Amino acid sequence: MKCVLASSNKHKLDEINKIMNEFNIELITMDEIGLGNLEIVEDGNTFEENSFIKAETVRDITNLPTIADDSGLMVDYLNGEPGIYSARYSGKNASYETNNTKLLAELSGVGTVDRSARFITVITLLFPNGDKIVVQGIVEGEISEKICGENGFGYDSLFIVKGYGITFAEMDSNLKNQISHRAKALQELRLKLENYYGDSNENINS
Ligand code: IMP
């Protein structure tokens with residue numbers, strides 16, 4: 001099955017691609033179909049609404065099955081922030097670095113027990129006929145007191161993964177791709193796709 005990925009985030013593309021290869025789904029990027037500069041206004045109030053907005057916009061233009069994800073970090077002490085604003089947490093010109101600096105500042109002086117957090121991904125797959133599959137993945141952890149590790153992107157260097165004691169940025173990317181919020185959502189997507197196509201990999205390939 002060919003499917004457009006409604007995202008231009010290179011890191012996500014790599015992660016989703018690696019996992020989708022296993023499912024025999026061929027991802028086409030926005031760049032490949034001339035939509036690399038498309039700006040989508042993500043004005044939903046939830047991860048689910050924003051992933052739907054992205055998928056619907058690109059599906060309507062391409063008339064191809066389209067997959068979009070919306071993800072973010074939710075910190076309990078900050079009442080779920082940065083949440084849907086994870087990408088622009090430190091303002092309009094936010095970078096991964098300025099976002100991490102702001103997060104560390106907001107949690108300055110906050111002890112380990114109160115630094116619990118989770119990454120959430122919602123993935124929406126929209127078909128040209130209007131069928132919709134929505135899945136979610138969550139990974140629990142806590143926010144480190146300093147930057148640790150160099151792999152990955154975004155808040156990876158601050159997110160200590162529950163049960164592993166290291167940040168996503170200290171982890172081999174293959175391990176992150178097995179246990180991440182996106183990986184969990186994609187495993188769920190696989191199950192739903194098998195169901196959608198009548199439990200047959202042959203059909204997923206057609
Ligand atoms: P998006 O809206 O789905 O593109 O993601 C919003 C923001 O959440 C990204 O810009 C990152 O800052 C953060 N984020 C999402 N997934 C991850 C991840 O796997 N690691 C680190 N940060 C992430």
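## Polar contacts of the ligand

A backbone N or O atom of Y155 lies 3.1 Å from a nitrogen atom of the ligand in this predicted model. Two side chains also approach oxygen atoms of the ligand: a polar side-chain atom of K176 lies 2.8 Å from an oxygen atom, and a polar side-chain atom of R182 lies 2.7 Å from an oxygen atom. Each of these three pairs is a polar contact, because the limit for a pair of N or O atoms is 3.5 Å.

Taken alone, the ligand exposes 480 Å², and the protein buries 93% of that area.

## The shell around the ligand

The ligand is surrounded by 16 residues, of which K12, S71, D156, K176 and R182 come nearest. K176 and R182 thus belong to this nearest group, and each also places a polar side-chain atom by a ligand oxygen, at 2.8 Å for K176 and at 2.7 Å for R182.

By class, the shell consists of six charged, five polar and five nonpolar residues. Two elements, β3 (66–75) and α5 (181–196), give two or more residues to the shell. The largest share comes from β3, which provides four residues.

## The largest pocket

The ligand sits in the largest pocket, which holds about 1000 Å³ of space. Its lining is formed by 33 residues, and those closest to the centre of the pocket are N9, K12, E42, K54 and A87. K12 therefore appears in two lists, as it is among the residues nearest to the ligand and among those closest to the pocket centre.

The lining divides into 12 nonpolar, 11 polar and 10 charged residues. At least two lining residues come from each of β3, α3 (96–106) and α5. The greatest contribution is that of β3, with four residues. The strand β3 accordingly gives the most to the pocket lining and also supplies the largest share of the ligand shell.

## Backbone features in the loops

Two backbone features occur in loops that border β3. In the loop between α2 (47–62) and β3 lies N63. The phi angle of N63 is near 55°, a positive value in a residue other than glycine.

The other feature concerns P82, which is found in the loop between β3 and α3. A cis peptide bond joins E81 and P82, with omega at about 0°. The elements on either side of the P82 loop, β3 and α3, each supply at least two residues of the lining of the largest pocket.

Terms used: Residues numbered from 1 in each chain as written. Predicted model: local features only at pLDDT ≥ 70, side-chain atom pairs only at ≥ 80, totals over all residues. Heavy atoms only, no water. Near = heavy atom within 4 Å. Polar contact = N/O pair within 3.5 Å; in protein donor to acceptor, adjacent residues only side chain to side chain. Areas by Shrake-Rupley, 256 points an atom, 1.4 Å probe, with all protein chains shown as cover. 1 Å grid on protein atoms, 1.4 Å probe; cavity = no way out; pocket = protein on both sides within 12 Å on 5 of 7 lines; lining within 4 Å. Sits in = over half its atoms within 2 Å of the grid points. Nonpolar A, V, L, I, M, F, W, Y, C, P; charged D, E, K, R; others polar. Points joined across faces, edges and corners; volume = space filled by probe spheres on them.
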